[in-house]
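Here's a quick briefing to read with the model open beside you. Take it one topic at a time and find each residue as you go.

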Amino acid sequence: MSKLEEREVNQSITNAVAKAYLNDGKWTAEVDSGVIVSALSHQNPNVRSMAAIELGKARSEEAVPALCKALAEDPDPRVRQNAAEALGLIGEKEIEVDS
């Protein structure tokens with residue numbers, strides 16, 4: 001991926017997270033949950049943290065595997081905390097995290 005393509009992908013991820021955030025978790029048709037899930041891998045920990053929050057607010061069950069991975073592996077404690085809270089909001093009772 002070229003630097004320009006990478007910048008465009010990062011911008012689309014950031015825009016999607018911002019739209020979800022500004023709508024207080026009430027996603028509209030133009031907010032793609034898959035993009036928000038992919039934001040959990042973004043290089044910026046603030047974007048990852050916001051993505052986890054928004055996935056929890058939206059109770060996105062499709063995000064559970066990515067949130068579990070963020071909880072287990074993300075180097076930023078805020079991201080891990082927000083991933084844990086998101087999983088709690090989603091309501092997964094049996095979550096396996098390999099340590």
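## A lysine at the end of a salt bridge

Lys 57 has a relative accessibility of 30%, so this residue counts as partly exposed. Its side chain meets that of Glu 54 in a salt bridge, at 3.3 Å from N to O. Keep in mind that this is a predicted model. Below, we'll go from that pair to the whole chain and then to how the helices meet.

**More on the Glu 54 and Lys 57 pair**

- Glu 54 is the buried partner, with 0% relative accessibility.
- Both residues belong to helix H3, and because they are 3 residues apart there, about one helical turn separates them.
- Here's the background: an α-helix has 3.6 residues a turn, so residues three or four places apart point the same way.

**The chain as a whole**

- The chain has 5 helices and 0 strands, so you can write its pattern along the sequence as α-α-α-α-α.
- There are 99 residues in the chain, and 35% of them count as buried.
- Take the contacts between residues at least 6 apart in sequence: 57% of these join residues at least 24 apart.

**The other salt bridges**

- How many salt bridges does a search of the whole structure find? The count is 3, and you've already met the one between Glu 54 and Lys 57.
- Another one joins the side chains of Asp 74 and Arg 48, at 2.6 Å from N to O. This pair links distant parts of the chain: Asp 74 sits in the loop between H4 and H5, while Arg 48 is in helix H3, 26 residues apart.
- Are these two partners buried or exposed? Asp 74 is buried, with a relative accessible area of 8%, and Arg 48 is buried with a value of 8%.
- Asp 76 and Arg 78 also meet through their side chains in a salt bridge, with 3.0 Å from N to O. Asp 76 has a relative accessible area of 13%, so it is buried, whereas Arg 78, at 40%, counts as partly exposed.

**How H3 packs against H5**

- Two packed helices are described by the angle between their axes and the distance between the axes.
- For H3 and H5, the angle is about 10° and the axes are 7 Å apart. That angle makes H3 roughly parallel to H5.
- On the H3 side, the residues making the contact include Arg 48, Ser 49, Ala 52, Ile 53 and Lys 57. On the H5 side, they include Arg 78, Val 79, Asn 82 and Ala 83.
- Sort the residues of this contact by type and you get 9 nonpolar, 4 polar and 3 charged.

**Three residues to look up in H3 and H5**

- Ser 49 lies in helix H3, which covers residues 45-57. This serine is buried, with a relative accessible area of 8%. Leaving out residues up to four places away in sequence, Ser 49 touches Arg 78, Val 79 and Asn 82.
- Ile 53 is found in helix H3 too. With a relative accessible area of 30%, Ile 53 is partly exposed. Ile 53 and Leu 87 are 34 residues apart in sequence, and their C-alpha atoms are 9.6 Å apart in space.
- Ala 83 lies in helix H5. This alanine is buried, with a relative accessible area of 0%. Apart from neighbours within four places in sequence, Ala 83 is in contact with Ala 52, Leu 67, Ala 70 and Leu 71.
- Ala 83 and Lys 69 are 14 residues apart in sequence, and 8.9 Å separates them in space, C-alpha to C-alpha.

**The two faces of H4**

- Which residues of helix H4 (residues 64-73) are buried? They are Val 64, Leu 67, Cys 68 and Ala 70. These residues cover an arc of only 160° around the axis, which puts them on the same side of H4.
- What covers these buried residues? The cover includes H3 and helix H5 (77-90).
- Now turn to the face of H4 that points away from its buried side: there you'll find the exposed residues Pro 65, Lys 69 and Glu 73.

Key. Residues numbered from 1 in each chain as written. Predicted model: local features only at pLDDT ≥ 70, side-chain atom pairs only at ≥ 80, totals over all residues. Heavy atoms only, no water. Helix = DSSP H or I, 4+ residues; strand = E, 2+ residues; numbered from the N terminus. Buried < 20%, exposed > 50% of the residue type's maximum accessible area, 1.4 Å probe, protein only. Contact = heavy atoms within 4.5 Å. Arc of directions from axis to C-beta. Salt bridge = Lys/Arg side-chain N within 4 Å of Asp/Glu carboxyl O. Axes fitted to C-alpha atoms, helices over the stretch in contact; angles between N-to-C directions. Parallel < 35°, antiparallel > 145°, perpendicular 65-115°, else oblique. Nonpolar A, V, L, I, M, F, W, Y, C, P; charged D, E, K, R; others polar.
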